[in-house]
2 protein chains.
Amino acid sequence: MENIRAAEPAFSVTSCTARRVLEIVSNKWAVLIIFVLEKGTKRYGQLQRSIADISQKMLTQTLRQLERDGLIERSVLPEVPPVVEYTLTPMGESLIPYLRQLNHWLNEYYPQIEQARKDYDAREKFKADKSTQTV
Amino acid sequence: MENIRAAEPAFSVTSCTARRVLEIVSNKWAVLIIFVLEKGTKRYGQLQRSIADISQKMLTQTLRQLERDGLIERSVLPEVPPVVEYTLTPMGESLIPYLRQLNHWLNEYYPQIEQARKDYDAREKFKADKSTQTV
DNA sequence: CCGTATCCATTAAGATACTG
DNA sequence: CAGTATCTTAATGGATACGG
C-alpha cells in the first residue's frame, strides 16, 4: 500500500529528481526576486519598485515561500514605522550562478528561438490556408 | 507614447532578460519532456508512459510548444497506424547541461531546503499557538 | 511602512469522449 | 497510434480595503 510508486514503469521520470528543478525555479517571481536580491539587501518597498509589475499579493506570497525554503532571510528592524529587509542566504546565493548560466543560454539562443517560432507559425498558417482553399 | 518603458526606475528588472529564463524553464512538463528525450528519440506513447501523470492534453500542448521553439523535432512516419517521433534538436540538446546543473544544485541542497521548511513551519506554528493561548 | 484578507476575473490543467 | 474537442475544476493573479 505504501510503495505504490515502485509500480511505475522503469522508464518513468515521475519520481525523478528532475521534478525538484521546478519547485523553485518554475516560479516566475521567485527568480526575479533572487536576481534583485543578488545586488544586496533590499526592503519590501524597494523590491516592489524593482519588479515593476508585481502585485503586493504575489510579492508577499513569493517572499514567504523563499523564506520558508531558506533561500532568503527576513529581518524586521524594531523601528516605527517598521523596516523589513530581505537578504539572500548563502544557499540562495549559491543558486545564482546556475540561474545566470541558464540566462546566458537564453540570451545566446533567443534569436534562434524567435526565428523558429516565426518559421513554425508560417508553416502552420500555410497549412491552414491550404485546408480552407478547396472549400 | 512609445517608450513608456523608459520611464521605469533604473533599478527595474522588468525589461531584463531574466524574464526569458522563465519562458521555457518555468514549464514543468517541458523540462520533464526534455529530460526524457535526452535518452534518445521517443514516440508519443513512450513519452506518455515515461511521464506517468501527464495528461494527453498537456503532453500534446507542451510538445507543440517545444517544437515551435525549435527545441524538439517532430517527424511523422508514413505508416498505418501513424508513427510520430520526437527528437531533441541541437538547440534542445545544448540546453540540457544547464538543466542538469540546476538539478545537481537541487539534489545537493534539497535536504537543507526541507529542513528549512520544517523549521519555518515549526516557528509559525509556535507563533500561532502563542497568539491563541491568551484567549 | 509593511503587510493581511477578501473578492473577482482569467488562465491552466485534468477528465472524458471521440476521430483520421 | 496519435491526437482533437469539449467540459469542469483548480490554480493564479489582480484590485481593493483594511490592520499593526
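This passage walks through how two protein chains meet two DNA strands in a predicted model, and then looks at a helix pair and two individual residues.

DNA strand C is a good place to start. There are 18 residues around this strand, and T60(A), R64(A), R74(A), Y86(A) and K57(B) come nearest. Of the strand C atoms that come within 4 Å of the protein, sugar and phosphate account for 60%. Both chains have a hand in the surface here: α3 (44-50), α4 and β3 (83-88) of chain A each put in at least two residues, and so does α4 of chain B. The top contributor is α4(A), with four residues. Sorted by class, the surface near strand C comes out as eight nonpolar, five polar and five charged residues.

A few atom pairs show what the protein touches on strand C. R74(A) has a side-chain N or O atom 2.5 Å from a phosphate oxygen. Q56(A) goes for a base instead, with a polar side-chain atom 3.0 Å from a base nitrogen of strand C. At P82(A) the backbone is involved: one of its polar backbone atoms sits 3.5 Å from a sugar or linking oxygen of the strand.

Next comes DNA strand D. Here 16 residues surround the strand, and the closest are K57(A), G45(B), Q56(B), R74(B) and Y86(B). Sugar or phosphate makes up 58% of the strand D atoms within 4 Å of the protein, with bases supplying the rest. For this strand, the elements that each give at least two residues to the surface are α4 (56-68) of chain A plus α3 (44-50), α4 (56-68) and β3 (83-88) of chain B. That surface has seven nonpolar, five polar and four charged residues.

Polar pairs on strand D again involve both backbone and base atoms of the DNA. A side-chain N or O atom of R74(B) lies 2.6 Å from a phosphate oxygen. S55(A) also faces a phosphate oxygen of strand D, with a polar side-chain atom 3.4 Å away. K57(A), by contrast, has a side-chain N or O atom 2.6 Å from a base oxygen.

Back in chain A, α4 also packs against another helix. The axes of α2 (residues 28-37) and α4(A) come within 10 Å and cross at roughly 75°, so α2(A) runs roughly perpendicular to α4(A). On the α2(A) side the contact is made by W29(A), A30(A), I33(A) and I34(A), while α4(A) brings M58(A), L59(A), T62(A), L63(A) and L66(A). By class, this contact has eight nonpolar residues, one polar and no charged.

Two loop residues of chain B round things off. S55(B) is in the loop between α3 and α4 of chain B. Its relative accessible area is 36%, so S55(B) counts as partly exposed. From S55(B) to A116(B) it is 61 residues along the sequence and 33 Å through space, C-alpha to C-alpha.

D69(B) sits in the loop between α4 and β2 (72-77) of chain B. With a relative accessible area of 3%, D69(B) is buried, because buried means under 20%. What does D69(B) contact, leaving aside neighbours within four places in sequence? From chain A there are I113(A), A116(A) and R117(A), and from chain B there are I24(B) and M91(B).

Definitions and conventions
Residues are numbered from 1 along each chain as its sequence is written. Chains are lettered from A and ligands numbered from 1 in the order in which they are written. This is a predicted model: local features need pLDDT of at least 70, side-chain atom pairs count only at pLDDT 80 or more; totals for chains, interfaces and linings use all residues. Side-chain values use heavy atoms; hydrogens and water are left out. A residue is near a molecule or strand if one of its heavy atoms lies within 4 Å of it. A polar contact is a pair of N or O atoms within 3.5 Å; within protein, one must be able to donate a hydrogen and the other to accept it, and residues adjacent in sequence count only if both atoms are side-chain atoms. Ala, Val, Leu, Ile, Met, Phe, Trp, Tyr, Cys and Pro count as nonpolar, Asp, Glu, Lys and Arg as charged, and the others, Gly among them, as polar. Buried means under 20% relative accessible area, exposed over 50%, partly exposed in between (1.4 Å probe, protein chains only). Contact means heavy atoms within 4.5 Å. Axes are lines fitted to C-alpha atoms, for helices over the stretch in contact, and angles run from 0 to 180 degrees between N-to-C directions. Angles under 35 degrees count as roughly parallel, over 145 as roughly antiparallel, 65 to 115 as roughly perpendicular and the rest as oblique.
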